[in-house]
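Here is a short report for a reader meeting this structure for the first time. It starts with the sheet and then turns to the core, the loops and the charged pairs.

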Amino acid sequence: MTEAICSRTGCRAPATWQVQWRNPRIHAPERRKIWAACGDHVDYLRDYLATRDFPVDVVAFDTEATR
């Protein structure tokens with residue numbers, strides 16, 4: 001299994017968080033997109049999405065649930 005890498009542009013750190021979000025204008029309520037985030041960028045990614053009024057949840061990265 002490969003290690004998840006932070007989704008922040010230019011960051012190559014291992015991800016420890018999942019930023020789960022959706023765009024309510026184009027995604028059904030059950031649809032969730034996931035960005036991986038390291039500890040340094042989790043707040044940045046969450047705030048980026050929240051300022052666009054996207055529903056956002058942040059949860060610990062579960063390596064067992066990934067493929």
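## The sheet

Three strands form an open sheet, ordered 2-1-3, with antiparallel pairing. Strand 2 (33–37) and strand 3 (56–60) are the edge strands, each pairing on one side only. From one strand to the next, the twist averages 25 degrees. The model described here is predicted.

In general, strands of a sheet pair through backbone hydrogen bonds, and they may run parallel or antiparallel. Here, strand 1 and strand 2 run antiparallel and are joined by five bridges. Within this pairing, Val-19 stands opposite Trp-35 in strand 2.

## The whole protein

The protein has one helix and three strands. Along the sequence, they follow the pattern β-β-α-β. The protein has 67 residues, and buried residues make up 28% of them. About 4,800 Å² of the protein is exposed. Carbon and sulfur atoms supply 48% of that area.

How much of the contact set comes from residues 24 or more positions apart? Such pairs account for 52% of the contacts with a separation of 6 or more.

## The core

The largest nonpolar core holds seven residues. They are Val-19, Trp-21, Ala-37, Val-42, Leu-45, Leu-49 and Phe-54. Strand 1 (17–21) and helix 1 (42–50) each supply at least two residues of this core. Which element gives the most to this core? Helix 1 does, with three residues.

Leu-45 is a member of this core. Leaving aside residues up to four places away in sequence, Leu-45 touches Ser-7, Arg-8, Val-19, Trp-35, Ala-36 and Ala-37. Two of these names return from elsewhere in this report: Val-19 and Trp-35 stand opposite each other in the sheet.

## Two loop residues

Two residues in loops deserve a look. His-27 lies in the loop between strand 1 and strand 2. Is His-27 buried or exposed? His-27 is buried, because its relative accessible area is 13%, under the 20% cut-off. With residues up to four places away in sequence left out, His-27 touches Arg-22 and Lys-33.

Asp-53 is found in the loop between helix 1 and strand 3. Its relative accessibility is 67%, so Asp-53 counts as exposed; the cut-off is over 50%. What stands out in its backbone is a positive phi of about 65 degrees, although Asp-53 is not a glycine. Most residues other than glycine have a negative phi.

## Salt bridges

Side chains of opposite charge can pair when their charged atoms come close. How many salt bridges does a search of the whole structure find? The search finds three. The table lists them with their N to O distances.

| Acidic residue | Basic residue | N to O distance |
|---|---|---|
| Asp-57 | Arg-32 | 2.6 Å |
| Asp-43 | Arg-46 | 3.0 Å |
| Asp-47 | Arg-46 | 3.6 Å |

Take the pair of Asp-57 and Arg-32. This salt bridge links distant parts of the chain, with the two positions 25 residues apart in sequence numbering. Asp-57 sits in strand 3, while Arg-32 sits in the loop between strand 1 and strand 2. Asp-57 has a relative accessibility of 41%, so it counts as partly exposed. Arg-32 is partly exposed too, with a relative accessible area of 29%.

The other pairs share Arg-46. Asp-43, Arg-46 and Asp-47 are linked in a network of salt bridges. Why are Asp-43 and Arg-46 separated by about one helical turn? The reason is that they are three residues apart in helix 1.

The residues of this network also have computed accessibilities. Asp-43 is partly exposed at 41% relative accessibility. Arg-46 is partly exposed at 31%. Asp-47 is partly exposed at 40%.

## Putting it together

Helix 1 appears in two parts of this account. It gives three residues to the largest nonpolar core, and it holds the salt-bridged residues Asp-43 and Arg-46. Strand 3 is an edge strand of the sheet, and its Asp-57 forms a salt bridge with Arg-32.

Key. Residues numbered from 1 in each chain as written. Predicted model: local features only at pLDDT ≥ 70, side-chain atom pairs only at ≥ 80, totals over all residues. Heavy atoms only, no water. Core = buried A, V, L, I, M, F, W, Y, C linked by side-chain atoms within 4.5 Å. Buried < 20%, exposed > 50% of the residue type's maximum accessible area, 1.4 Å probe, protein only. Helix = DSSP H or I, 4+ residues; strand = E, 2+ residues; numbered from the N terminus. Contact = heavy atoms within 4.5 Å. Areas by Shrake-Rupley, 256 points an atom, 1.4 Å probe, with all protein chains shown as cover. Pairing = 2+ DSSP bridges. Axes fitted to C-alpha atoms, helices over the stretch in contact; angles between N-to-C directions. Salt bridge = Lys/Arg side-chain N within 4 Å of Asp/Glu carboxyl O.
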